[in-house]
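Good morning, colleagues. Please take a moment with the sequence and the model on the screen before I begin.

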4 protein chains.
Amino acid sequence: MANSTSPIRVGILGASGYTGAELVRMLLRHPGVEICALTAERQAGKPMAEVFPHLGQFNLPGLVKIEEVAWDKLDAVFCALPHGTTQEVIAGLPRHIKVVDLSADFRLSDPAEYATWYGHEHRAVELQKEVAYGLTEFNRQGVRKARVVANPGCYPTCSLLALLPLLMDEMIEPGGIVIDAKSGVSGAGRDAKQQNLFTEVSEGFNAYGVGHHRHMPEIEQELRLAAGRPVTVSFTPHLVPMNRGMMATIYVRMADGVTADDLRATLTARYESEPFVNVTAAGIAPATRHVRASNQALIGVFPDRTPRGAIIVSVIDNLVKGASGQAIQNMNVMFGLGETTGLEQAPLFP
Amino acid sequence: MANSTSPIRVGILGASGYTGAELVRMLLRHPGVEICALTAERQAGKPMAEVFPHLGQFNLPGLVKIEEVAWDKLDAVFCALPHGTTQEVIAGLPRHIKVVDLSADFRLSDPAEYATWYGHEHRAVELQKEVAYGLTEFNRQGVRKARVVANPGCYPTCSLLALLPLLMDEMIEPGGIVIDAKSGVSGAGRDAKQQNLFTEVSEGFNAYGVGHHRHMPEIEQELRLAAGRPVTVSFTPHLVPMNRGMMATIYVRMADGVTADDLRATLTARYESEPFVNVTAAGIAPATRHVRASNQALIGVFPDRTPRGAIIVSVIDNLVKGASGQAIQNMNVMFGLGETTGLEQAPLFP
Amino acid sequence: MANSTSPIRVGILGASGYTGAELVRMLLRHPGVEICALTAERQAGKPMAEVFPHLGQFNLPGLVKIEEVAWDKLDAVFCALPHGTTQEVIAGLPRHIKVVDLSADFRLSDPAEYATWYGHEHRAVELQKEVAYGLTEFNRQGVRKARVVANPGCYPTCSLLALLPLLMDEMIEPGGIVIDAKSGVSGAGRDAKQQNLFTEVSEGFNAYGVGHHRHMPEIEQELRLAAGRPVTVSFTPHLVPMNRGMMATIYVRMADGVTADDLRATLTARYESEPFVNVTAAGIAPATRHVRASNQALIGVFPDRTPRGAIIVSVIDNLVKGASGQAIQNMNVMFGLGETTGLEQAPLFP
Amino acid sequence: MANSTSPIRVGILGASGYTGAELVRMLLRHPGVEICALTAERQAGKPMAEVFPHLGQFNLPGLVKIEEVAWDKLDAVFCALPHGTTQEVIAGLPRHIKVVDLSADFRLSDPAEYATWYGHEHRAVELQKEVAYGLTEFNRQGVRKARVVANPGCYPTCSLLALLPLLMDEMIEPGGIVIDAKSGVSGAGRDAKQQNLFTEVSEGFNAYGVGHHRHMPEIEQELRLAAGRPVTVSFTPHLVPMNRGMMATIYVRMADGVTADDLRATLTARYESEPFVNVTAAGIAPATRHVRASNQALIGVFPDRTPRGAIIVSVIDNLVKGASGQAIQNMNVMFGLGETTGLEQAPLFP
């Protein structure tokens, strides 16, 4: 394991996708980490520079198959594999390796719920029990002690950061929450699909998975824990013609006597000492471009004209706080490093 | 006035903006119309080709100031002027001229409501009384007889087409409606504003006017008429990095025993004979790119997992059905022409 | 064959690509044409509305395989198939059918050149002899009499319209011509390729096929005919993150004593009576957005500071004048219809 | 002046533009620098977070007017002011302050040439003599000793990195060079101009300043120094609908007996030990997305089919290596810091 003189030796399983490349981009600037292995099943044998020319100037390990990895030379892996296959891969890893899993495989703690939403029985139910859910700001202790962390989905991260403190403090009602969510296209991955072609996406906007997106049970699981009772949300994801960025526009009913200013004060207080979550001043609407390429989340609260209504706008970069950035944040916590290490970059604008 | 052998002679007041150019684009293909006057205060004296080079190949009148227009040579005007100034301009027009007003000046029938939202008394209250609200599909008789038609706002058009039939048939509850709306950038106009620069808009997404956008009272006015009682909606507009297109994602509570399939059936029946409104089959999500550059609206209905919840997705091209196309549709009705004349173009994709 | 009372019955072979959809969009507004057959090998059996939802409101034939087409019910076909397979398909068509071929299969009149650039012998050499090259403005007589027209490539169209008159009039030297060309992404087709994903294309710019693009021999063939001697050009295509539009920035050496104004005058005179080609005034730079979604070409000429240098900028919409629009223009000529029929739409902006 | 224990105290004059924000973004990660002053004439009095919300989480000095700056508390300034006003501001600075000037004011060493291209006499001719031209890779010694460095323009940087080694080694002819250049929109600045609106730029492509762009004399000045004789280039800039990125596609004639492989070998050797310039392998085309948000330049060389022709493709991020990144690189050299300090970030993709 790492100490002050030796870096953490990490591998990235599934390094040929966007979250893999994003992990590499940030880990290259992380002073306590050495990238020692990169895997990609179909691209195995190629140098990373061929798969991602923007990384061509860096000295990186070549892509190999998972079975070629020398596990004893690694302290940690980031797992950016497709859901379904991930659970067996992780179950098979040597136990000295800490894991941050960016897939959905270990996010739902209830195997029955997993089976309902993913259409098959979970194949690593025992392992599920030792997994910590990695919404870092809400589970630092769990993450610190965990061997395997389930890195939250992008939509859940964006939504939960806005909602959890309000539900915990009973500032809002658990019923009737509407989450209208929007994501940049990188969330759809790098596979060649017609629907994600430039010509099919640019100059257009669409909803998808209306009423049945798999991030819903994850959101509801965490809201239930916060509210202490079952929560069902209305959730619609949309695709925005941009590479990065995610917004959740959330409609809530406030508890009796509570105002939007109260909600904002609650969130501001809750996140005062958090390095990666900020709350905008009254009247200032968060925009995804304010957090692009950074690990920041930005939340704004607005009064609605409906009775006890409030509107909350939450933004993140789906590839950073919504995936690879939060994964590194979790790794930092797991290894006792400063939580912001490697994640200090300012947003990129324009 | 026009008869079968002479075209309708139209003027466009405020022809240097995007809705003006869009009117020209479509009227050039309208067999019953001759464009006889184009005005633009600051650009007066210039040929249209200088202001809009894409129209350079057409033989169009030069831009003049409003006071230079020969009103006796016109049968109709489209008024695409800024709100506030429009009301006095229209009040001063000779009464033989029919008017389709694309501004917001005559959309709110209650002068008190106008004063509340626009910060000054309405300056043509008498005229307001003879104005027909031009959501064509719901007010054909009114439009046919009107001298002045208030062309609906883009957000109201997109939202009302989805909601009115359902409220009228009491399929949904008037309370708790959430309209999460998204618009392309052309809705922000052609004025040079930093916030609308390419560099400020592209690769980003933001909400604006959260909780206080001026299209809200217009939406609520029409919903109230349909529901027979006051309606307050939650409404948040967002800016999408694309030129054209608008979506409203609408969250509703259905009446007891009603299903999403019932909503879809109601809408399908209501719009069966309407040339410009279509309803998607179950499971098919409308996208703005399906209606780009056309006068079409497309509506989809989806069940929600919340109790009695349904999600309705409605899309239009904000510059066409949301502005200039519907204005021509209204002019067609006012002059007894075929309603689709000049509006038959298929959507442009990609 | 068509007469004044019966429309031309057309089929589109390869209707599931962008040029196919674009043909449909424009032919739907063509008063002398009826779309009677649409083919697509892999999508056969589907309604067009499933493949292209933006065409969902129209009553179109379903997609079938080529062998299912009832040829005796057709007067003409547009062939939008991949190159290589096209030549055999066309060779096998009944001879009463007129053909506009949008592939590259019949553009190179020299079979040896074809073999060099496409890597195999041409499989319909006899047919090649009766094909007319369909750069309409330069081969109207040939097109009128032809049974098969080879519709030019997009890059050749954009380049040749600018260069041919100048070479024919010996205003410029045939040597040393540089064509730096840029295309929107729709030119890359609708196949699912990683390199054309939104995330791979947007917010970036790249050259491709540097020094070996297959449109080069086509350009050089036509320049050679105009110059009366062999011409070799420097040609580099680039990919612009936009859907539609093409620009060629062309660097030429003028003949002794010739000025940029002379070049402009030559082009202006040459295209004075052409409905689809316009020349900008001195100092005005053509932009692709000035011709978007229209069959227009726009050309500007500028003096260069180098000795006898001039810079010519030529723009088209690659899917219209560069493909489907010019194909319809050619069909109009082949059937003796007005050449602009169905092609009068103004450009779409923004 | 800075030593190992005290950071360099820098000010940014003109911090409300994109190059200013980009300097802040990178300097925030620079371990040897403290940002002590930010100026902006029209925005003076505002916090930086109001002008650039993406920087809201950082503790930055508020914006002040230039005359409010405490010069004795600064060691260096980056000058990102409009050209024309810059020369007098810099001439008035205390001489203990080192200056990196991002404007064009001191790039042309010949005052007569300046007057020709900028329309007025240079107002700090004496100062001009002590300025070093800051194309770092070619003037390290000059930069190291200079008090004032003229940071090169973005187009010159992109072009010169590709051409200088080849001219110096007489691998290419100085005559007949064509530079077809393309830039992202951030190069046009943050001023509210109609032509730079999202709706005017997106989905389009255009040339501008054809034949008379002010970066031409700067390019020619440096090429002349390398070639040892006057050089006149053909240069056309274009606007790409993207935020960041710049490409120069350069057409050259090679010296007798020289091949494209020779050019590539020359460039590869020249830049072997340069941290910020890389040459692609044969057949690999550089793309702007390979260098986005980084200080990298990437150059590819391709054979052309014309006699002795070669095509060189060079890419940078116009805001980084083309402006703020190179400025920091120069500052590092001026103060004897490691040249890559604060500039190690990997490119951002997608």
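**Cavities, symmetry and local geometry**

The largest cavity holds about 230 Å³ of space. Before going further, I should say that this is a predicted model. Across the whole structure, the search finds ten cavities of 30 Å³ or more.

Which residues lie nearest the centre of the largest cavity? They are A:F198, together with A:P241, B:P241, C:P241 and D:P241, out of a lining of 19 residues. By character, that lining comprises ten nonpolar, five polar and four charged residues.

I turn next to the relation between two of the chains. A turn of 180°, with a shift of 0.0 Å along the axis, lays chain C on chain A with an RMSD of 0.0 Å. This is therefore the relation of a two-fold axis. Both copies use the same surface, since 100% of the contact residues of chain C recur in chain A.

Now to the cysteines. How many disulfides are found over all chains? The search of the whole structure returns zero. Two residues serve as illustrations. For A:C79, the closest cysteine sulfur belongs to A:C154 and is 17 Å away, so the two are too far apart for a bond. A:C79 is buried, its relative accessible area being 0%. For C:C36, the closest cysteine sulfur is that of C:C79, and the separation of 17 Å is again too far for a bond. C:C36, however, is partly exposed, at 29% relative accessibility.

Let me move to the backbone, beginning with cis peptide bonds. In chain B, such a bond joins B:F349 and B:P350, with omega at about -5°. B:P350 sits in the segment that follows helix 11 (320–334) of chain B. In chain D, the peptide bond from D:F349 to D:P350 is likewise cis, and its omega is near -5°. D:P350 is located in the segment after helix 11 (320–334) of chain D.

Finally, I would draw attention to two residues of chain B with positive phi. B:E203, a residue other than glycine, has a phi near 55°. Where does B:E203 lie? Its place is the loop between helix 8 (198–201) and strand 9 (206–207) of chain B. With 8% relative accessibility, B:E203 counts as buried. B:R308, also not a glycine, has a positive phi near 55°. The loop that contains B:R308 runs between strand 13 (297–303) and strand 14 (309–316) of chain B. Is B:R308 buried or partly exposed? B:R308 is partly exposed, with a relative accessible area of 35%.

Technical notes. Residues numbered from 1 in each chain as written. Chains lettered and ligands numbered in written order. Predicted model: local features only at pLDDT ≥ 70, side-chain atom pairs only at ≥ 80, totals over all residues. Heavy atoms only, no water. 1 Å grid on protein atoms, 1.4 Å probe; cavity = no way out; pocket = protein on both sides within 12 Å on 5 of 7 lines; lining within 4 Å. Points joined across faces, edges and corners; volume = space filled by probe spheres on them. Nonpolar A, V, L, I, M, F, W, Y, C, P; charged D, E, K, R; others polar. Least-squares fit on C-alpha atoms with pLDDT ≥ 70 in both. Contact = heavy atoms within 4.5 Å. Disulfide = S-S within 2.5 Å. Buried < 20%, exposed > 50% of the residue type's maximum accessible area, 1.4 Å probe, protein only. Helix = DSSP H or I, 4+ residues; strand = E, 2+ residues; numbered from the N terminus.
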